[in-house]
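Subject: Handover of the model, with notes

Dear colleague,

I am passing on the structure that we discussed, and I would be grateful if you could read the notes below alongside it.

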Amino acid sequence: SDEWQHPTLCPNTCAEAGASFRKEVADKAARYAAGNAARLGALASVLQTKNGWKAEISTIQTQEAEKHKIVADLRARKEAAEKVEAEAEAARKLQDESAALRRAAEKMANEDMSADQYLKWCEEGGEERKQHCLAEAEAAAEEKQEQGGGATGAATPPPADATTETTAAVAQETEQREETEAERGQRIARQWTRSSEAAGDADAAAAAVEDEGDKLLRENGELDENAPAGEQQKESVRLNTELTTAERDVQSLHDKKEQLNKKLEYNYGEDDALVSMVGRCVESDAQTKGGASYKYRVCPFDRSEQDSLSLGKFAEVSYAEDGASATMKFTGGAKCWNGPERSMTATLVCGSTDRMTSVDEPSVCEYTSVVETPMMCTNSLVARAKEEHEELEKSAKPEHSDELK
């Protein structure tokens with residue numbers, strides 16, 4: 001061996017390596033201590049933050065109750081407006097139908113329409129028209145006969161068997177029930193065919209039907225006296241728009257309340273320290289294996305992103321038994337081309353500041369990262385780092401070294 005003769009050929013590097021390792025451990029202990037100090041400062045606001053969420057939930061519940069009352073009121077007003085508008089529309093249709101019946105009956109009375117044509121016209125109008133057509137024809141024929149003093153050439157009423165059968169059926173049905181709005185309109189229409197004075201009464205009666213609709217709107221405070229006649233019937237549309245907006249507000253409040261409840265249920269680790277990371281994001285520029293550069297972002301208990309591309313929403317968090325790290329998973333991100341949905345698994349460890357130290361893609365569109373944060377610098381972790389450093393420093397002193405032995 002030539003070691004004794006040439007001691008510089010194989011230098012002893014143990015001391016340098018030991019010093020380098022001790023420095024690394026000392027830096028880690030100092031970093032952990034600085035992080036722990038920042039963590040202790042943040043803990044003072046944790047309880048305040050959680051109490052703030054609870055207070056916000058209470059406020060939302062009050063707002064929800066008020067909005068529910070508004071929704072119920074708008075729904076009732078909309079249904080009332082729809083009923084009034086439906087009644088007004090039915091009254092208008094009744095007027096139109098009565099006018100048509102009057103014209104048809106007059107045509108038949110004046111022999112401008114045959115009985116067969118009149119019956120066909122009645123059939124085409126549906127069951128409601130059929131119930132009143134024959135009565136109209138008889139009334140018009142009687143009036144024509146009275147005006148003509150019973151002269152020949154008066155209109156021939158529909159076939160006797162059809163008249164008898166229909167009239168009997170209508171009479172029987174009328175005995176079993178009260179007069180309907182349609183029947184009342186038809187009775188008014190019959191009056192129109194007999195005299196101009198009766199026609200005036202019918203116009204007044206039809207107007208009274210419409211005024212009932214205005215009366216309901218006015219009682220509900222929903223009648224615009226200055227609006228043109230057709231405009232007032234759009235009240236249900238306006239109320240429906242307000243109702244839709246109010247229901248959307250209720251849903252928004254509900255969703256916000258649910259998000260806050262979830263925040264209160266999450267596991268934030270020892271001393272709830274990670275509460276202070278809610279609403280914050282940690283970013284880092286990194287290159288992929290292909291050389292492309294992206295900005296990666298991890299927002300604890302919320303989301304993860306690659307530039308503006310989603311790497312997933314927060315799914316779960318777990319903690320190492322020794323409390324040295326936390327593993328946060330984000331899933332359901334943007335779908336990879338011909339691959340799975342993107343995801344991110346972030347490992348949180350102790351550090352003096354919030355920073356992302358590494359990003360990797362071990363599998364296609366499945367990302368991992370390491371995030372340092374003071375919130376993971378627990379008292380026990382700092383104590384272990386300090387003890388490790390002190391032991392190394394103690395062993396490095398000459399009286400504890402066996403290098404000379």
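The notes go from the whole chain to the helices, the cores and the disulfides.

This is a predicted model, in which local features need pLDDT of at least 70 and side-chain atom pairs count only at pLDDT 80 or more, while totals for chains, interfaces and linings use all residues. Residues are numbered from 1 along each chain as its sequence is written, and side-chain values use heavy atoms, with hydrogens and water left out.

The protein has eight helices and eight strands (DSSP runs, H or I of at least four residues for helices and E of at least two for strands, numbered from the N terminus). Of its 405 residues, 33% are buried (under 20% relative accessible area, with exposed meaning over 50% and partly exposed in between, for a 1.4 Å probe and protein chains only).

Helix H7 covers residues 235-265, and its end C-alpha atoms are 45 Å apart, in agreement with the 45 Å that its 31 residues should span at 1.5 Å a residue (the expected span being 1.5 Å times one less than the number of residues). Buried positions in H7 include Leu239, Leu243, Ala246 and Val250.

The largest nonpolar core (buried Ala, Val, Leu, Ile, Met, Phe, Trp, Tyr and Cys residues joined through side-chain atoms within 4.5 Å) has 39 residues, and Leu274, Tyr296, Met328 and Leu348 have the most contacts inside it (a contact meaning heavy atoms within 4.5 Å). Helix H1, residues 14-109, supplies the largest share of this core, with seven residues. Another core, of seven residues, lies apart from it and has Leu74, Ala81, Leu239 and Leu243 among its members.

There are three disulfides (pairs of cysteine sulfur atoms within 2.5 Å). Cysteine 281 and cysteine 299 have their sulfur atoms 1.9 Å apart, and the torsion about their S-S bond is about 105°, so this disulfide is right-handed. Cysteine 281 is partly exposed at 35% relative accessible area, whereas cysteine 299 is buried at 1%.

For cysteine 336 and cysteine 365 the sulfur atoms are 1.2 Å apart, and a torsion of about -70° makes the disulfide left-handed. In the disulfide of cysteine 350 and cysteine 377 the S to S distance is 1.9 Å, and with a torsion of about 100° the bond is right-handed. Since cysteine 350 lies in strand E6 and cysteine 377 in the loop between E8 and H8, the pair ties together parts that are 27 residues apart in sequence.

With best regards
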